[in-house]
Amino acid sequence: MEQDAHLVQQCLQGDGSAWEELVRRHSRRIFNVCYRFVGNRTEAEDISQEVFLRVYKTLGSYRSAHGGFATWMTSVTRNLLIDHYRRTKRDRLTDSLDDAMPVVENKESVARRPDEQALLGELSGQVESALTKLSPELREAVILRDLQQLEYAEIQQVLGVPEGTVKSRINRGRIELARLLQQMGVRPS
Amino acid sequence: MTWTCDQVEARLSDYFDGLLAGAEKAAFEKHEQECAQCGPLVASVKSLVSEMRAMAQVEVPPRLVYTVLDQTLGPRETVTGWKAFLNFIRGLASPKFAYGAASVMATFVILLGASGFSWRKPKLADLSPTNVYLNADRQIHLGKARAVKYLSDLRVVYEIQSRLRQDQNELQSAPEETRPKPTPEKDPGETDDHSRVPPRQQNRANEMARQLEMLAADWPLICERSHR
């Protein structure tokens with residue numbers, strides 16, 4: 001945490017290698033948050049790039065007194081993910097209308113690529129698939145708590161909502177996810 | 001204290017986080033055991049949470065870091081010397097590359113072993129292409145010879161078995177009088193031969209008689225050759 005703050009200071013003084021170190025340290029976590037949220041590697045990669053560009057441009061606004069750099073970066077990521085969700089909402093509505101009609105091209109475009117399918121274990125794949133069906137509020141809460149394993153206080157900071165709301169969203173998210181998996185025929189191990 | 005399904009659902013995460021104690025915990029567990037809907041739900045959520053916590057992180061596409069650096073710091077300068085080497089090594093430090101390298105090494109070791117390379121007494125000469133070829137050729141021929149011997153042994157065994165079976169069938173189908181009859185009441189070790197000659201001496205005598213017969217038959221030919 002202190003190392004991140006030190007690297008940020010170096011970055012602000014124009015040290016390119018410090019920025020490179022920050023990117024390398026956080027790329028895995030940011031990419032994973034994005035991937036779990038959107039469920040697609042290409043989109044996750046694009047959003048991760050956007051996150052780092054935004055962080056680079058707004059690095060001067062980061063105050064270590066307000067919390068860790070990782071939490072601040074996660075907040076930026078979350079905001080961009082919500083923007084992306086709103087942007088693509090119209091496309092998804094159109095998609096769902098198209099899905100109602102039997103058009104072969106649309107079904108093929110929705111299907112996962114074979115390498116993506118192989119990447120996921122069977123159960124992990126079902127969990128990921130079910131995650132993308134949750135509402136964004138519940139999805140982000142579950143991702144941050146159960147996949148990124150953040151503390152409630154960190155999640156509260158990222159989402160900008162009271163701790164009670166965070167707990168309630170995580171709880172509802174887990175229950176909805178379990179019900180979705182039950183509907184998909186997944187039995188608890 | 002008795003809880004409803006709504007109360008159990010609302011406090012599910014608190015239960016997993018260990019925030020329920022005493023009467024609340026007891027009420028939660030009592031309802032979970034008694035309710036046909038909440039029991040499976042609690043089990044599902046518990047399994048789901050442990051599954052999600054165990055889910056592996058997804059590998060980052062390697063180009064992501066370079067694209068971000070190019071877009072923020074500008075195109076990178078070409079690095080040479082030991083820095084380039086360090087960058088190259090850093091690029092190799094990924095689990096996928098480690099698995100690939102390990103499987104290539106395993107294949108290499110298996111192939112070397114098959115070509116007759118000795119790991120206890122390694123010689124540089126064993127690695128020359130000619131020796132590798134000759135050793136591999138030898139191993140292939142040895143393997144082939146072993147396989148042929150095994151198959152021919154199987155054939156011999158099969159032939160013996162079929163011959164025995166044939167003999168047995170013939171014996172069973174033979175008329176009654178030709179079958180060997182069981183000897184009536186004999187003491188253990190007693191034979192039909194009532195002479196006092198022991199069996200080994202009898203065999204030797206039989207052999208000598210057979211040889212004498214053969215000599216007698218060939219005698220005119222031997223005499224003729226000696227005259228010439």
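**Briefing: the A–B contact and the nonpolar core**

The contact between the chains takes 34 residues from chain A and 27 residues from chain B. This is a predicted model. On the chain A side, helix α2(A) supplies the largest share, ten residues. Helix α2 of chain A also gives the largest share of the largest nonpolar core, nine residues.

**Chain A side of the contact**
- Five helices of chain A each supply at least two residues of the side that touches chain B: α2, α3 (41-57), α7 (122-131), α8 (136-147) and α10 (163-183).
- By residue class, this side of chain A divides into 17 nonpolar, ten polar and seven charged residues.

**Nonpolar core**
- The largest nonpolar core has 53 residues.
- Cys34(A), Leu177(A) and Val45(B) have the most contacts inside this core.
- Helix α2 of chain A, the source of nine core residues, spans residues 16-38.
- In soluble globular proteins, nonpolar side chains tend to be buried together.

**Val45(B)**
- Val45(B) is in contact with three residues of chain A: Arg174(A), Ile175(A) and Ala178(A).
- Within chain B, Val45(B) is in contact with Leu12(B).
- Both statements leave aside the neighbours of Val45(B) within four places in sequence.

**Asn79(A)**
- Asn79(A) is found in helix α4 of chain A, residues 69-100.
- Asn79(A) counts as partly exposed because 14 other C-beta atoms lie within 10 Å; a buried residue would need 20 or more, and an exposed one 12 or fewer.
- Val51(A) lies 28 residues from Asn79(A) along the chain, and the C-alpha atoms of the two are separated by 9.3 Å.

Notes. Residues numbered from 1 in each chain as written. Chains lettered and ligands numbered in written order. Predicted model: local features only at pLDDT ≥ 70, side-chain atom pairs only at ≥ 80, totals over all residues. Core = buried A, V, L, I, M, F, W, Y, C linked by C-beta atoms within 7 Å. Helix = DSSP H or I, 4+ residues; strand = E, 2+ residues; numbered from the N terminus. Contact = placed C-beta atoms within 7 Å. Nonpolar A, V, L, I, M, F, W, Y, C, P; charged D, E, K, R; others polar.
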